[in-house]
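Hi,

Here is the structure I said I would pass on. Have a look at it first, and my notes on what turned up follow below.

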Amino acid sequence: MRLALRETMIGFRRAPVLSVLSITTIAFSLFAFGLFSLVAVNIRKTLRDVESRVEIRAFLAEGTPVEVVSAAMGDVGAFPEVIRVEYVSPDSALARARAELGEFKDVFESAFLPASIDVRLRDGFRDPNTVRTVAERIKAFQFVDDVRYGEDWVDKLHRIRNVATAAGLILGLAFAAVAVIIIGATIRMAVMARSREISIMRLVGATDAFIRRPFLIEGFLKGLLGGALALTLTWFASQVISRNFIQTEFFSGPLAALGIAGGALIGLLGSSLSVGRHLRKI
Amino acid sequence: MIRFQHVYKEYPRTGLALQDVSLFVGKGEFVFLIGPSGAGKSSLLKLTYMEELPTKGDVWVSGVKAKGVKRRDVAKLRRKLGVVFQDFRLLEDRTAEANIAFALEVIDTPRSSIPNKVARALAQVGLASKATAYPREMSGGEQQRVAIARALVNDPFVLIADEPTGNLDERATRGVFQLLRDINSSGTAVMMATHNLDLVRRAEFRTIEVNRGQIVFDSADADTSRRKVEGLA
């Protein structure tokens, strides 16, 4: 292992420009991936925030007795999907409407808004289907006039999230493939540059596994460094965006580590695909 | 020890390099391979260290059979034989001792034993004083000695030499050849391809002549009875 490391270092030292170039290229392709991931992470975060506000509002028929309402609230509160049930009287509905409408608040003068019960759902039960079934169950109560749950934007939210996830995955795979190809090409050049050593190693009885080792380490290290560089660039980018445009959330620790590990894995993959093929030619 | 049985070697582009070659080289023998350029001497040597595998027929070297041999086993076999070439094949950016040590390191020799082995090999070829010299600082003869030291460092049972004196002047040639004789007399077999018929004539070792891919003369066939008496066959 020590020898393999030494040979790797010789490889780096002999072609420093090439090494730096390949690390930066890898870093930039991973950086592009990192930016998309950052967008995806922030979209998810926003969606989570918005989703947590998904609620079902059931408007009550006028004159529904309080006991009936509170019994129904108990029933609804017992649904496994439901986290909280809240009664909104006509008065507080008016106050809320006024607060939301700001400067037009004086338009409302009397309590003409219907009473409602507002139902919040648990995390994990906020997808369109669950929301719809819960809403329909609530609608089945006789004294419920109407149910609103913003069906349109619940659907839209989920579609956006799915598209963002799919786009992130596809782009991620594309950039990973680019990185694999780049690493493969640099390893190919490294193999060619060291063909003399390799032929001598063969001649004196080094095994293929032994000959491959320094190149695999080289690919791994390049991927690791490229990944770390990409992460740093992405971090700077997120700082710039946070400071000048909108507040963004950076990757969590485990996710960042996963990114670097991904870079290393890509490096290892690229070099192992390349080295086997080119060693046979020497 | 080394056996060729009806060996054919055909290259996709250049055609048949060897046809129906059968031969046996015993322990500790010294064998000259002679013949014009392109006759098949190098192909025959490459088959011996299994750089090439036969198209037809089979080759056995120290118990390893060429047909169906695994790359791993070829690597193991090479640790038991030494190969030197006309162009030395040294690493230019490493000293003489580093070149020899390299051959030990890449086969996972314990680190502690490397310096001793390197020093012994250099002494064996008479270059103890050039241990820290780079190839470019040495004469052709000295570079070939380093290459021989590298080939010897693992105590091979056979030394395969493809035109080892091809690039050397007469004095260096005599020196290198004498070294090969010394190596042979200490028990290592030597297979040497050469164009230098002077050496062949003076030395009286077994001589195999190859022409157009076939063995056209083997001095061992001429005096098998004598060799049997001497216990070489």
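**What I found**

Let's start with a sheet in chain A: four strands make an open sheet there, in the order 2-3-1-4, and the pairing is antiparallel. Strand 2 (82-88) and strand 4 (144-148) of chain A are the edge strands, each pairing on one side only. From one strand to the next, the twist averages 20 degrees. Before you go further, keep in mind that this is a predicted model.

Inside that sheet, strand 1 (residues 55-60) and strand 3 (residues 116-121) of chain A pair in the antiparallel sense, over five bridges. If you want one pair to click on, try I56(A), which stands opposite V119(A) in strand 3 of chain A. Then look for helix 3 (residues 66-77) of chain A: this helix lies across strand 1, strand 2 and strand 3 of chain A. Its direction is at about 160 degrees to strand 2 of chain A.

**Chain A as a whole**

Zooming out, chain A has nine helices and four strands. Along the sequence they come in the pattern α-α-β-α-β-α-β-α-β-α-α-α-α.

Chain A is divided into domain 1 (2-49 + 157-279) and domain 2 (55-148). How far apart are the centres of domain 1 and domain 2 of chain A? Taken over C-alpha atoms, 52 Å separate them.

The overall dimensions are worth a look too. The C-alpha atoms of chain A fill a box of roughly 95 × 40 × 25 Å along the principal axes. The radius of gyration of chain A is 30 Å, whereas a compact globule of 282 residues would have one near 19 Å. Buried residues make up 30% of the 282 residues in chain A. As for contacts in chain A between residues at least 6 apart in sequence, 85% of them join residues at least 24 apart.

**Where chain A touches chain B**

Twelve residues of chain A are in contact with 13 residues of chain B. On the chain A side, the elements that give two or more residues are helix 7 (195-203) and helix 8 (208-244) of chain A. Helix 7 of chain A gives the most, with five residues. By type, the residues on the chain A side divide into seven nonpolar, two polar and three charged.

**Chain B: an open sheet**

Chain B also has an open sheet of four strands, with the order 2-1-4-5 and antiparallel pairing. Strand 2 (15-25) and strand 5 (64-65) of chain B stand at the edges; each has a single partner strand, so one side of each is left without a neighbour in the sheet. Strand 5 of chain B pairs with strand 4 (residues 56-61) of chain B in the antiparallel sense, over two bridges. There, V61(B) has V64(B) in strand 5 of chain B as its bridge partner.

Just along from this is A66(B), in the loop between strand 5 and helix 2 (71-78) of chain B. Is A66(B) buried or exposed? A66(B) counts as buried, because there are 21 C-beta neighbours inside 10 Å and the cut-off for buried is 20 or more. Not counting residues up to four places away in sequence, A66(B) touches M50(B), L53(B), P54(B), D58(B) and V59(B). S42(B) is 24 residues from A66(B) along the chain, and their C-alpha atoms are separated by 17 Å.

For contrast, try K46(B), in helix 1 (residues 41-48) of chain B. K46(B) has 19 other C-beta atoms within 10 Å and is therefore partly exposed. Leaving aside neighbours within four places in sequence, K46(B) is in contact with E51(B) and E52(B). K46(B) and A131(B) are 85 residues apart in sequence and 30 Å apart in space, C-alpha to C-alpha.

**Chain B: a covered strand**

Last stop: strand 3 (residues 30-34) of chain B, where five of the five residues are buried. Both faces are covered, with F30(B), F32(B) and I34(B) on one side and V31(B) and L33(B) on the other.

Which strands pair with strand 3 of chain B? One is strand 8 (residues 189-193) of chain B, in the parallel sense over four bridges. Another is strand 9 (residues 206-211) of chain B, parallel as well and over four bridges. F32(B) has a bridge partner in each: M192(B) in strand 8 of chain B, and T207(B) in strand 9 of chain B.

Cheers

Terms used: Residues are numbered from 1 along each chain as its sequence is written. Chains are lettered from A and ligands numbered from 1 in the order in which they are written. This is a predicted model: local features need pLDDT of at least 70, side-chain atom pairs count only at pLDDT 80 or more; totals for chains, interfaces and linings use all residues. Domain bounds come from an automatic or database domain assignment. Two residues are in contact if their C-beta atoms, placed from the backbone, lie within 7 Å. Ala, Val, Leu, Ile, Met, Phe, Trp, Tyr, Cys and Pro count as nonpolar, Asp, Glu, Lys and Arg as charged, and the others, Gly among them, as polar. Two strands pair if DSSP finds at least two bridges between them. Axes are lines fitted to C-alpha atoms, for helices over the stretch in contact, and angles run from 0 to 180 degrees between N-to-C directions. The radius of gyration is taken over C-alpha atoms; the globule rule is 2.2 Å times the number of residues to the power 0.38. A residue is buried if 20 or more other C-beta atoms lie within 10 Å of its own, exposed if 12 or fewer, and partly exposed in between; C-beta atoms are placed from the backbone.
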